[in-house]
Amino acid sequence: MEDFEQNQEQEEVIDPKRLVKTVRKKRQIRRVRKTQGVFRNFFRFLVTVLLLLGFVYISKMPQWYLDKKVFTTSSSNSVVILNNNIVKSYRILALLRASEVPNVPIYMANTSAIEKQIKSLTPVEDVYIRRYAFPARLQIILKERVPVLTVSPDAKVQPVAAFTKDGKIIGKEFLPLDKKFKTILVLSYGNKGDDYTKWDARKVQQIEKIVKYVETYSKEPVEYIDFRNPYDVYVKIKTVNIRIGKIDENVFKRLERIPSILPQVKLVDSKVKYLDLSWEKVNYLKLE
């Protein structure tokens, strides 16, 4: 029993050399970890500074800013205009020439003033502006009103105005229209009892309805509708000129008589001046 206790006391005795080595090793590990910590903190600080400097440098690059002459140079690629079939691009640029070019990066530029200016053009119903960078540029996308009528003093004269479906008048400065627009030609002087500049959406819809009735009952396209005398209106189709007289509440009932008399026009040997539907219950052919 005594031998066992002596052996246990010997095992509990710590070797001084071994202890010194252990302490030195722990100190060395702590120094290495401390050095690594300092290096990591410095590296993080350095990366943060570099990122901030990089951000400042990138934000100041000219590719973020619009050219100061973007609205004065017609050959500039910094402004792209899309879907403008009525308003020419040069007219939009001329309108924006007096606008102040944003002096901030493109992503911060406020385009509401530019949109408002473009929407002041009658043919423009709405406008949307997209902003791009590198290089900084604008994409202007238009939504234009749909023209349905063109007005001319004579069938052989170029139109002097046009009307959209919502009754807006398009001035001569935007004419001629692109050929892809299929409009109704209306002859009008604009100064004989029915000034076309005062027409509204209701008037436009009335003319559209008359044309639709004539085309439906005659099965021929309307070449033009003559409003030069608003109290004695004519509608021209290929076969004959149709006199419908005054536009009143019974005009559409009179147009319904077209199928019953139009075939007679083709049977007449003499040249027909017009088919008269201006009377309520009587219709006849006027010969030249």
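Strand 8 is a good place to start in this predicted model: 4 of its 5 residues are buried, so the strand is largely enclosed by the rest of the structure. On one side, strand 8 pairs with strand 7 in the parallel sense over 2 bridges, and here leucine 187 stands opposite aspartate 226 in strand 8. Strand 8 also pairs with strand 9, this time antiparallel and over 4 bridges. Within that pairing, valine 222 has isoleucine 237 of strand 9 as its bridge partner. The connection between strand 8 and strand 9 is a hairpin of 6 residues.

Let us now step back to the sheet around strand 8. Its order is 6-5-4-7-8-9-10-11-12, which makes 9 strands in an open sheet with mixed pairing. Strand 6 (169-170) and strand 12 (284-287) are the edge strands; each has a single partner strand, so one side of each is left without a neighbour in the sheet. Further along the order, strand 4 (residues 147-152) and strand 5 (residues 161-164) run antiparallel and are joined by 4 bridges. If you would like a pair of residues to anchor your view, take valine 151, whose bridge partner in strand 5 is alanine 161.

Which helices pack on this sheet? Helix 5 (residues 201-218) lies across strand 4, strand 5, strand 7 (184-187), strand 8 (222-226), strand 9 (233-237) and strand 10 (241-245), and it runs at about 135° to strand 8. Helix 7 (residues 258-267) packs on the sheet as well, touching strand 9, strand 10, strand 11 (272-276) and strand 12. The direction of helix 7 makes about 35° with that of strand 12.

Helix 5 and the loop leading to it hold two charged residues that are worth a look. Is lysine 203, which lies in helix 5, buried or exposed? Its relative accessible area is 17%, and because the cut-off for buried is under 20%, lysine 203 counts as buried. Leaving aside neighbours within four places in sequence, lysine 203 is in contact with Asp194 and Phe227. Aspartate 200, by comparison, sits in the loop between strand 7 and helix 5 and is partly exposed, with a relative accessible area of 42%. The C-alpha atom of aspartate 200 is separated by 8.5 Å from that of isoleucine 169, although these residues are 31 places apart along the chain.

There is a second sheet to visit. This open sheet has 3 strands in the order 1-3-2, again with mixed pairing. Strand 1 (79-82) and strand 2 (124-132) stand at its edges with a single partner strand each, so each has one side without a neighbour in the sheet. From one strand to the next, the twist averages 20°. Strand 2 and strand 3 (residues 137-144) are antiparallel and paired over 8 bridges; in this pairing, aspartate 126 has lysine 143 of strand 3 as its bridge partner. Two helices lie across these strands. Helix 3 (residues 89-96) crosses strand 1 and strand 3, running at about 130° to strand 1, while helix 4 (residues 112-119) crosses strand 2 and strand 3, running at about 150° to strand 2.

The backbone geometry of some loops also deserves your attention. Most residues other than glycine have a negative phi, and most peptide bonds are trans. Phenylalanine 134, in the loop between strand 2 and strand 3, has a positive phi near 55°, and the peptide bond from phenylalanine 134 to proline 135 is cis, with omega near -5°. Phenylalanine 134 is partly exposed, at 43% relative accessible area. Another cis peptide bond joins leucine 175 and proline 176, with omega about 0°; proline 176 is placed in the loop between strand 6 and strand 7. Asparagine 83, in the loop between strand 1 and helix 3, has a positive phi near 65° and counts as partly exposed at 48% relative accessibility.

Our last stop is on the surface. Phe42, Phe45, Leu46, Val49, Leu50 and Leu53 form a nonpolar patch there, with about 590 Å² of accessible area together. To find the patch in your viewer, look for phenylalanine 42 in helix 2 (residues 16-59).

Key
Residues are numbered from 1 along each chain as its sequence is written. This is a predicted model: local features need pLDDT of at least 70, side-chain atom pairs count only at pLDDT 80 or more; totals for chains, interfaces and linings use all residues. Side-chain values use heavy atoms; hydrogens and water are left out. Two strands pair if DSSP finds at least two bridges between them. Contact means heavy atoms within 4.5 Å. Axes are lines fitted to C-alpha atoms, for helices over the stretch in contact, and angles run from 0 to 180 degrees between N-to-C directions. Patches are made of residues with over 30% relative accessible area and no salt bridge: like charges are joined within 9 Å, nonpolar side chains (Val, Leu, Ile, Met, Phe, Trp, Tyr) within 5 Å. Accessible areas come from the Shrake-Rupley method with a 1.4 Å probe; for residues, only the protein chains shown count as cover. A salt bridge is a side-chain nitrogen of Lys or Arg within 4 Å of a carboxyl oxygen of Asp or Glu. Buried means under 20% relative accessible area, exposed over 50%, partly exposed in between (1.4 Å probe, protein chains only).
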